[in-house]
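Thanks for sharing this one. Here are a few friendly notes on its internal spaces, in numbered points for you to check against the model.

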Amino acid sequence: MKGRRPSLSSRTIWINNAASGRYLFSDDHPFHPVRLELTEDLLRKCGALDNVQMTAPFSQEEAERAIRNIHRKDYMDTVNALSTHNPSPHIISLAEQYGLEADGDTPYFPGMNDAATAITAGSLAAADAVMSGRADRALHLGGGLHHAFPHRSSGFCVYNDAATAISYLRQQYNARVLYIDTDVHHGDGVQWFFYTDPEVFTLSIHETGKFLFPGSGFVHERGDSSGYGACLNLSMEPYTEDASWLDCFTQAVESVALSFRPDIIVSQHGCDAHAFDPLAHIQCSMQIYREMPRIIHELADRHTQGKWVALGGGGYDHWRVVPRAWGMLWLEMSQHPLLSSIDSNPQGGLLPENWPLIQTNLKSEFPLPTTWLDDVASWEPMPRRAEITAKNKQMLEVALQHVR
């Protein structure tokens, strides 16, 4: 596909997510592409997104070649065989071995291989556009499937598009990559792919694995061999609130960027650290989803000449949280004027009255928000705030001792 991509009129691009919409386990599964539709619909209603800013993913063939560089052939062959409408009994018997059992977290479905490959194609396009200099920033919300391993799926993730894109940046551009993972679940797959690579720094801020999937991401996980010190985990206490989360995040990313000196930042933006998310226990509000993209943007401007690739990820309150969080990520990346009204209003200003209008049989069980930010003053005070903050501060001090 190289040489056939159109020239970009904007320094920030949006990777078309249409193909990623096929990545659907079932309508009852928490990882549902309706999140992508709701976010895009919100931004279009705000006049913050148009087709001129969109670019196409890599081709399926290019993406498959890149995936083969990090995933095992037997795993990819099984994914492909399970993607038919009627897989053979023998192939079905292999599903559990590869983390794809029908009653598991990541069940096989018709078209799975093509859908997972399409997601990877989008993340590759984002990485290539930025590293080649055709854009400064690129957003691919369909990406961020950070739990997949070389030999198996995990945590709703079939192919690890983030690791594939980082591997591509290493091979094609010899780039030093700072990977920042803000999903509430530890970015374990990406971490282990690059655990011995001193040219890829993985930083993950997440709820502690003592209580939450995938049960990893502790401060003692710092990398291995020549990669020792190029891994940092911020293992946050359950019920952490905005101030403590942002304090730990800001200190960590500032320290890492200064010492590691990356050529490009790749960030993963799961938005499941919000208090409304049904699959975790962090008590943050929309405030972290306004501030965190701003912090990363400033880091990129100071340390990577603006080079920043952002991917999606988790987030399971599809209606109240994900569209606003991902919407503010795009507004920050594209420096849209709407940011001024969000920043000048205690609740961030009003959302469009005619949002959402997409046609779907899925509905929110809660009233939809009317403002970009949350009215946290109306929330119940969180007990043990001082204790939780102190534990997070102590964890941060230990983690930062080994940053290289």
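**Cavities and the main pocket**

1. The largest cavity holds about 70 Å³ of space. Please keep in mind as you read on that this is a predicted model.

2. Which residues form its wall? The largest cavity is lined by Ser20, Tyr23, Phe31, His32, Pro33, Arg35, Leu36, Ile119, Leu141, Gly142 and Gly143. Sorted by class, this lining of the largest cavity comprises six nonpolar, four polar and one charged residues. Glycine is counted as polar here, so Gly142 and Gly143 fall in the polar group.

3. The second largest cavity comes to about 60 Å³. Its lining is made up of 13 residues, and those closest to the centre are His146, His147, Asp183, Gly314 and Tyr316. In this second lining, the split is three nonpolar, eight polar and two charged.

4. How many cavities are there of 30 Å³ or more? The count is four, and the two described above are the largest and the second largest.

5. Turning to open space, the largest pocket has a volume of about 330 Å³. It is lined by 17 residues, of which Tyr316, Asp317, His318, Trp319 and Glu365 lie closest to the pocket's centre. The classes in the pocket lining are eight nonpolar, four polar and five charged.

6. One residue to look at twice is Tyr316. Tyr316 is among the residues closest to the centre of the second largest cavity, and Tyr316 is also among those closest to the centre of the largest pocket.

Note on methods
Residues numbered from 1 in each chain as written. Predicted model: local features only at pLDDT ≥ 70, side-chain atom pairs only at ≥ 80, totals over all residues. Heavy atoms only, no water. 1 Å grid on protein atoms, 1.4 Å probe; cavity = no way out; pocket = protein on both sides within 12 Å on 5 of 7 lines; lining within 4 Å. Points joined across faces, edges and corners; volume = space filled by probe spheres on them.
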